[in-house]
Amino acid sequence: MNFKELKSNPLNGGIQYHFKAENGYGASIVQHSFSYGNREGLWELAVIGKDGSICYDTPITDDVLGYLSEEEVNKTLLEIENLPE
């Protein structure tokens, strides 16, 4: 999977990609003027829960993930796909 093939939209002078897994979880992947890692060309990812809001209680993270390479974003999306329903 390559997150750059996902639906995207402009956000805060940058870009946001939207991911939705079959298990109900998803992700918001951003790179904009105040995202963690933007200045280094890196990405910030938030796990999105089944209710559509940021989820802070998964085995993946209890916060947003910043300073991610494209490879790390793609790996995290696979982890999100494998979260239990």
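**Exercise 1. How many aromatic pairs does a search of the whole structure find?** Sort out the geometry of two of them, and keep in mind that this is a predicted model.

*Solution.*

Step 1. Run the search over the whole structure and you get 4 aromatic pairs.

Step 2. Take Tyr 17 and Trp 43. Their ring centres sit 5.9 Å apart and the planes make 65°. Plane angles over 60 degrees count as edge-to-face, so that's the label for Tyr 17 with Trp 43.

Step 3. Place this pair in the chain. Tyr 17 belongs to strand S2 and Trp 43 to strand S4, 26 residues apart, so the pair links distant parts of the chain. Both Tyr 17 and Trp 43 are buried.

Step 4. Now try Tyr 36 and Tyr 67. Here the centres are 6.3 Å apart and the planes stand at 35°, so this pair is tilted. Tyr 36 comes from the loop between S3 and S4, while Tyr 67 is in strand S5, so the pair ties together parts 31 residues apart in sequence.

Step 5. Check exposure. Tyr 36 has 46% relative accessibility, so it counts as partly exposed. Tyr 67 comes out at 46% as well, and is partly exposed too.

Step 6. Look for a cluster: Phe 3, Tyr 17 and Trp 43 form one.

**Exercise 2. Work out the strand order of the sheet, and say which strands stand at its edges.**

*Solution.*

Step 1. Start at S1 and S2: 4 bridges join them, and they run antiparallel. One example is Asn 9, whose bridge partner in S2 is Gln 16. The S1–S2 hairpin has 2 residues between the strands, and Asn 12 takes a positive phi near 50° there.

Step 2. Go on to S2 and S3, which are antiparallel and joined by 6 bridges. Lys 20 has Gly 26 as its bridge partner in S3. This hairpin has 5 residues between its strands, with Gly 24 in the turn at a positive phi of about 100°.

Step 3. Between S3 (residues 26-31) and S4 (residues 43-48) there are 5 bridges, again in an antiparallel arrangement. Gly 26 faces Ile 48 in S4, and Ala 27 stands opposite Val 47.

Step 4. Finish with S4 and S5, an antiparallel pair joined by 2 bridges. Leu 45 has Leu 65 as its bridge partner in S5.

Step 5. Put the pairings together: an open sheet of 5 strands, ordered S1-S2-S3-S4-S5, with antiparallel pairing. Strand S1 (8-11) and strand S5 (65-68) are the edge strands: each has a single partner, so one side of each lacks a neighbour in the sheet. From one strand to the next, the twist averages 25°.

**Exercise 3. Is strand S4 enclosed or open to the outside, and what packs on the sheet?**

*Solution.*

Step 1. Count burial along S4. Here 6 of the 6 residues are buried, so S4 is largely enclosed by the rest of the structure.

Step 2. Split S4 by face. In a regular strand, side chains alternate between the two faces of the sheet. On one side of S4 you find Trp 43, Leu 45 and Val 47, and on the other Glu 44, Ala 46 and Ile 48; all of these are buried, so both faces are covered.

Step 3. Bring in helix H1 (residues 70-81). H1 packs on the sheet, touching strand S2 (14-20), S3, S4 and S5, and its direction makes about 5° with that of S4.

Step 4. Turn to the largest nonpolar core, which has 18 residues. Ile 29, Leu 45, Val 73, Leu 77 and Ile 80 touch the most other members. S2, S3, S4, S5 and H1 each supply at least two residues of this core.

Step 5. Zoom in on Val 73. Leaving aside neighbours within four places in sequence, Val 73 is in contact with Phe 3, Ile 29, Trp 43, Leu 45 and Leu 68.

**Exercise 4. Where is Thr 61 found, and what does Thr 61 touch?**

*Solution.*

Step 1. Thr 61 is in the loop between S4 and S5.

Step 2. Its relative accessibility is 10%, and under 20% means buried, so Thr 61 counts as buried.

Step 3. A polar atom of the Thr 61 side chain lies 3.1 Å from the backbone oxygen of Asp 63.

Step 4. Not counting residues up to four places away in sequence, Thr 61 touches Val 47 and Tyr 56.

Conventions. Residues are numbered from 1 along each chain as its sequence is written. This is a predicted model: local features need pLDDT of at least 70, side-chain atom pairs count only at pLDDT 80 or more; totals for chains, interfaces and linings use all residues. Side-chain values use heavy atoms; hydrogens and water are left out. Two strands pair if DSSP finds at least two bridges between them. Axes are lines fitted to C-alpha atoms, for helices over the stretch in contact, and angles run from 0 to 180 degrees between N-to-C directions. Contact means heavy atoms within 4.5 Å. Rings of Phe, Tyr and Trp (its six-membered ring) pair if their centres lie within 6.5 Å; planes under 30 degrees apart count as stacked, over 60 as edge-to-face and the rest as tilted. Buried means under 20% relative accessible area, exposed over 50%, partly exposed in between (1.4 Å probe, protein chains only). A polar contact is a pair of N or O atoms within 3.5 Å; within protein, one must be able to donate a hydrogen and the other to accept it, and residues adjacent in sequence count only if both atoms are side-chain atoms. A nonpolar core is a set of buried Ala, Val, Leu, Ile, Met, Phe, Trp, Tyr and Cys residues joined through side-chain atoms within 4.5 Å.
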